Amino acid sequence: MTEPKALSTPLDQAASLRDNILITQVDKLIGWTRKNSVWPMTFGLACCAIEMMATGASSYDIDRFGSGPFRATPRQSDLMIVAGTVTNKMAPRVKRLYDQMPEPKYVLAMGACTVSGGPYIKYGYHVLKGVDRIVPVDVYVPGCPPRPEALLEGLFRIQEKVAKERILDRNRVGARPSLLVE
Amino acid sequence: MSSEAARTLTPVPAGLSRGRMLDQDGDLRTEEMLLNMGPQHPATHGVLRVVVRTDGEMVIDCEPHVGYLHRCFEKHCESVSILQSVLYTDRLDYLTAMGNNWGFSMAIEKLFPDLVIPERAQYIRIICQELNRIASHLLAIGTYGMDIGAITPFLYCFREREKILSIFEAICGQRLNYNYIRPGGVAYDVDDRMVQTIKDFCAYFRPKALEYDDLLSKNDIFIRRTAKVGVLRPETAIQYGCTGPVLRGSGLARDLRRDMPYGIYDRFDFDVVVGQGEAGALGDCYDRYIVRIREMEQSLRIVEQAAAKIPGGEYRSPKIKGKIRPPKGEAYTRIENSRGELGFYVVSDGKDIAYRVKCRAPSFHNISVIPEISRGSMVADLIAIIGSMDIVLGEVDR
Amino acid sequence: MDRSTLFEKLRQKFGPRIIESDENGLVPSVRIEPATWPELAQSLRDDFRLDYLSCLTGIDRGKGQGLDAIYHVERMDAARLSISVRIRVPYENPVIPTVEHIWRTADWHEREAYDLLGFRFEGHHNLVRILCAEDWEGHPLRKDYKSPDTYHGVRNNVV
């Protein structure tokens, strides 16, 4: 066994520091930590929810990207994946769930129905034509339903957005328009 | 309030004045509470809302509220052409979209007086429907385990389910909403390599059923949570129009594939699985669960038989081309979907757009029996009961 | 009992109150007036043991014609003897006596038919909307239905 080399000279000390010290911005550090623990809400509405479940299950395993813990309550979640058709009867509930989530919060519209009404856009008298009419949406994932890979890609876009955020303009409450159902 | 009084839903007796601590039976008086379960709740399988009246931990009464996913299916069918309507049937029971396609196509085909569906199409339909039934039951079992606290079976079920979905993806390009079985046949042909893949899947899946028995069916905690809970008597089931595994779990061997064979189901050898009350009571949650487990095996038998002798030839009838214009008339057909009898009533006035389509959805009726069988049970048992019904809100609300 | 015996016995029992019967069509059915329905339903369940109400279809036949209600009743055994009962009611006053006490499943069927087509089932204990929101206006499956432009301030129509 060789003894660890004593750091005798200042040059050696500097070389050692290079391996142990990381200089970064606080914004970047916090962004990096936050982006890898985006907790979604268990919020299945229709067919897309099945693909969302598949994303969480064995083959696709959303856990690899830090979004495994699907929370059953909005108060513990950061991300609302609106998976499935939102109807007029359900819309006030979706809005209330969004309001119950703590800031900062993100919304991912999954599937054609939540993006624009999808196949129900013309004759669906009871279907909300796009969830962005009641809550602000960060990322749209089209498809009917989108594949799990597509949902993961949507999650990466959310992560990008989270990573770029600066603490100073964190106060998103005022920055976001308030859209009301009532 | 004693438990017997709660079962019969008697109103609180007038003699119980304010401030008395005990009721007339000498029990400590408790207050009733109205609980709102859903529409966003992790255990209601979608957007079901159940209003529960509880007394402590006991359910006195409950009422399901549906309609949070009402997507106007019937309006779409009378607004878009018949071929386009097949797309909307996918989104009824999105876990068994093949069955929905088939049910709707069968109603349209019945309107044509002498339409013969080619042999090959019949075989492909049966293979797809039964594989889809397996996939649907797998999801039902997985999520049921998750509802009452077992996470692992969910992961195993999805592993197998993904294999079936990749077969469907190769056949028709979609994982969930297939739009594959259409009036007159199927949309695309299946090649020989695909048939071999299906045979390989059968060989792979057969020993897996034993794994579920080890994971769930013989799990002591699982049995305690489901045995003698939510007992559904067969006459109640018929009164409420329950069908499928819910009815068969109560011990009645009613299966449309056997009773009024459609397609070519009469050529295959399979058993109708019924509940036997092996966990304690006939028609409890465990019986409904075990029927699904054993039905997967029967479906596998049908797939094996069909894949072994699938004939060549046409995969769709040359008679139906382009716009589908059925003759004037009305038809009502039903098929045995994975949740029960799926019926379609079609009224045609000779145009390519149907005049009226009514869908008889099995889950809509299975869900309506929940208040009847959950009175007097614990709140935690209500989760087990709703899970054992295996409802899909897409077809409840349509 | 097969289907022809059932039709024969029904014709004997109800005579001219069965307006029209179609035994060999795609949907074997009898047509009756709404007033006959409770008695016929009771008889179907008790005398012929048709214990399973499979489906209730409502059809809007257009302004001059009226609304049709079609009940599909069946016996839950291996033979599956079944019959459909057609009832036509006027457009302005679509009233049919309820049968929820005969087949419990009729409860939800009738609520749905009320919600989407505006049938009124006399004697139903809780005839409220089941699929659409509670404050929804109109009956969507009527042919002259126009979907609302806004619902609670949110734009509903796109095209």
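## A helix inside chain B

Helix α3 of chain B has neighbours in α2, α4 (97–111), β4 (181–182) and β7 (340–348), which are among the elements of chain B covering its buried residues. Those buried residues are B:I82, B:S85, B:V86, B:Y88, B:T89 and B:D90. Here buried means under 20% relative accessible area, with exposed meaning over 50% and partly exposed in between (1.4 Å probe, protein chains only). Helices (H or I, at least four residues) and strands (E, at least two) are DSSP runs, numbered from the N terminus.

A word on the ground rules: this is a predicted model, in which local features need pLDDT of at least 70 and side-chain atom pairs count only at pLDDT 80 or more, while totals for chains, interfaces and linings use all residues. Residues are numbered from 1 along each chain as its sequence is written, chains are lettered from A and ligands numbered from 1 in the order in which they are written, and side-chain values use heavy atoms, with hydrogens and water left out.

## Where chain B meets chain A

Let us start with the contact between these two chains. On the chain B side 35 residues take part, and on the chain A side 34; contact means heavy atoms within 4.5 Å. About 3,000 Å² is buried between the two chains, and carbon and sulfur atoms give 63% of that area. Buried area is the accessible area (1.4 Å probe) that two parts lose on being put together, summed over both. B:Q40, B:Y68 and B:R175 supply 21% of the area that chain B buries against chain A, more than any other three residues.

Two salt bridges are counted between chain B and chain A, a salt bridge being a side-chain nitrogen of Lys or Arg within 4 Å of a carboxyl oxygen of Asp or Glu. B:E169 forms a salt bridge with A:R147, and their closest N and O atoms are 2.2 Å apart. The interface also has twelve residue pairs in polar contact, both residues at pLDDT 80 or more. A polar contact is a pair of N or O atoms within 3.5 Å; within protein, one must be able to donate a hydrogen and the other to accept it, and residues adjacent in sequence count only if both atoms are side-chain atoms. On the side of chain B that touches chain A, two or more residues come from each of α2 (73–77), α3 (82–90), α5 (119–147) and α6 (152–172) of chain B. The most come from α6(B), with seven residues.

## Where chain C meets chain B

Next comes the other interface of chain B. Chain C and chain B each bring 41 residues to their contact. Between them they bury about 3,500 Å², with 53% of it on carbon and sulfur atoms. There are eight salt bridges across this interface, one of them between C:R80 and B:E341, whose closest N and O atoms are 2.7 Å apart.

Residue pairs in polar contact number 24 between chain C and chain B, both residues at pLDDT 80 or more. β3 (52–60), β4 (67–74) and α3 of chain C each supply at least two residues of the side that touches chain B, and β3(C) gives the most, with eight residues.

## Two buried loop residues

A:V131 sits in the loop between α5 (112–116) and β3 (139–141) of chain A. Buried or exposed? A:V131 counts as buried because its relative accessibility is 0%. Leaving out residues up to four places away in sequence, A:V131 touches A:V82, A:V86, A:V94, A:A109, A:T114 and A:V137.

C:T98 lies in the loop between β6 (95–97) and α3 (106–117) of chain C. C:T98 also counts as buried, at 6% relative accessibility. Its side chain makes a polar contact of 2.6 Å with the side chain of C:E110.

## Aromatic rings

Over all chains there are 27 aromatic pairs. Rings of Phe, Tyr and Trp (its six-membered ring) pair if their centres lie within 6.5 Å; planes under 30 degrees apart count as stacked, over 60 as edge-to-face and the rest as tilted. A:Y125 and C:W136 form a tilted pair, 6.4 Å centre to centre with 50 degrees between the planes. A:Y125 lies in the loop between α5 and β3 of chain A and C:W136 in the loop between β7 (120–122) and β8 (150–151) of chain C, so the pair joins two chains. A:Y125, C:W136, C:Y145 and C:Y151 form one aromatic cluster.
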